[in-house]
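User: Please take a close look at the backbone of the loops, and then set that part in the context of the rest of the model. I would like one connected account, with every cut-off spelled out.

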Amino acid sequence: MQDSVEKVKIVTLGCAKNEVDSEEIAGVLLEAGYSIDGAAKKSAVTVINTCGFLEASKAESIQAIKDAVREKRAGRTGRVIVAGCLAQRLGPELMKLAPGADLYVGVGQMGRFAEIVKEVQAEREQRIDVTPPHHRWAEVQTRARTGRPWSAYLKISEGCDHRCTFCTIPSFRGGHQSKPIERIIQEANHLARTGAKELNLIAQDVTQYGFDLYKEFTLPKLLKELNKVEGIEWIRLLYFYPNRLTDEVIETMANCEKVVPYIDIPLQHAHPETLRRMKRPWDGERYLGLFEKVRKAMPECAIRTTYIVGFPGETQEEFDYLIDFVKASHLDRVGAFVFSKEPGTPAHDLEGQLAPRVKRERYDKIMRVQQQISLAVNQGWVGREMDVLIEDSRDGWLVGRSHRDAPEIDGMVFVQGEAEPGQIVRTKVTGAEEYDLYAELLRMPVSGGKKLKPLRQAMPALPL
Ligand code: SF4
């Protein structure tokens, strides 16, 4: 019985940033003597860490709250706390859409979760606490990681200072707030000591890092410091903002051997007029110039972007321009979203909203065009060598990721040979598909790791 009193179930929805928030909440609660079990059948408290980015994520979060409230009524959980972006975004409206939880609390409260849970257990009244976000960074040592030990997300800042007209994030995550550099280094060391080889630095805009704290953009300095952290072998950055990907940032990335040549830079569009309506900088011409610089400094750099198709007022000409840009930029990877009218954003009320059918057709077209490009870029790797971080095995193949593949986002490399999960091995690429590559293992781990077993001779069937 004592066990169930102390047990907290945490349900996480949404992106990697939410995953980190949940790990911080879990760590704080573990320190305070609670036990954490994401699959608990009975718990004292259930925390739903919601996502409020798009209408689809909102529906998923509301369903999760309703499920938890049902569990509470059935006596399988004592209290329900709704946390995160959707609570911050909707506030009292969420209490009406998904009633019955005991507390609705916004973002940036991870460090306070022990108090929050205690208060909720002591109170009878339903409550809401979504004051504007003020991020209190949780203690580094208390983060309870749930993912694979060799790959960790490290949040370097919160919020965003840009005001893209389609985006809800600044309205509930607040303005940009950087985590102090010494705290990030401390966290990186802690993650390395607990097994991380790959650090995935996350922020709405990594290029903005440091300005609020140090009155200058400090990403280059941060990268040079992180590059010294012992045990870390790959440092990956997610996400760049185009007009701050400066020569200094590019040069620093190229010179820090642990920073992988990988750029995820959501451009959203390429036509100057569409970008103006989105309140986004530059245009296709300047983006091409930027990619030229990046590729010159880092010839193996993988570049990924995302576009929004069917933005209000997007003419056929603007869309055709985007398609031409997709062909000319020849990026490794492209994702696309169909424009979604998000309440509370300026784009919601813009004139020239497009019919769902047109948006869908444009989405299909852009994805079709990119498929050929992704395949061609992947085929360009056949015969070349690359390092692969092994994570799994499937149907006789090792499954891993190269510098070109961010976790949970990009493709995979299927490797013929034997190695342990968590090892980084040298491979030679033997085959390519649109998303994934095939490779054979060449030699022992690039560094660290246990001894490899000998290469297998027989070529197993492709894992399709
Ligand atoms: S930069 Fe990204 S997070 Fe910031 S407002 Fe634009 S789309 Fe939203």
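Analyst: A residue is called buried if 20 or more other C-beta atoms lie within 10 Å of its own, exposed if 12 or fewer, and partly exposed in between, with C-beta atoms placed from the backbone. The model is predicted, so local features need pLDDT of at least 70 and side-chain atom pairs count only at pLDDT 80 or more, while totals for chains, interfaces and linings use all residues. Residues are numbered from 1 along each chain as its sequence is written.

Most residues other than glycine have a negative phi, and most peptide bonds are trans. Against that background, H330 is not a glycine and yet has a positive phi of about 50°. H330 sits in the loop that runs between α14 (316–329) and β14 (333–338), where helices (H or I, at least four residues) and strands (E, at least two) are DSSP runs numbered from the N terminus. Because H330 has 16 C-beta neighbours inside 10 Å, it counts as partly exposed. E408, likewise not a glycine, has a positive phi of about 65°, and its place is the loop between β16 (397–401) and β17 (413–416). With 13 other C-beta atoms within 10 Å, E408 is therefore partly exposed.

A peptide bond is the point of interest in the loop between β11 (234–238) and α11, where Y239 lies: L238 and Y239 are joined by a cis peptide bond, with omega of about 15°. A glycine, G33, takes a positive phi of about 100° just after α2. The helix that G33 follows, α2 (residues 16–31), has 16 residues and spans 23 Å from its first C-alpha to its last, close to the 22 Å expected, that expectation being 1.5 Å times one less than the number of residues. Of the 16 residues of α2, 13 are buried, so the helix is largely enclosed by the rest of the structure.

Turning to the helices, α11 (residues 247–255) packs against α13 (residues 284–297) at an angle of about 25°, with the axes 9 Å apart; α11 is therefore roughly parallel to α13. Here axes are lines fitted to C-alpha atoms, for helices over the stretch in contact, and angles run from 0 to 180 degrees between N-to-C directions; those under 35 degrees count as roughly parallel, over 145 as roughly antiparallel, 65 to 115 as roughly perpendicular and the rest as oblique. A second pair, α8 (residues 181–193) and α10 (residues 219–226), has axes that come within 10 Å and cross at roughly 30°, so α8 and α10 are roughly parallel to each other as well.

Two further residues add to the context. D364 belongs to helix α15 (residues 356–379) and, with 13 C-beta neighbours inside 10 Å, counts as partly exposed; its C-alpha is 9.3 Å from that of A336, at a sequence separation of 28 residues. L201, by contrast, is in strand β10 (residues 198–202) and counts as buried, with 23 C-beta neighbours inside 10 Å. The C-alpha atoms of L201 and L290, which are 89 residues apart along the chain, are separated by 22 Å.

Finally, the ligand is surrounded by residues that include C160, H162, R163, D205 and Y241, a residue being near a molecule or strand if its C-beta atom, placed from the backbone, lies within 6 Å of it.
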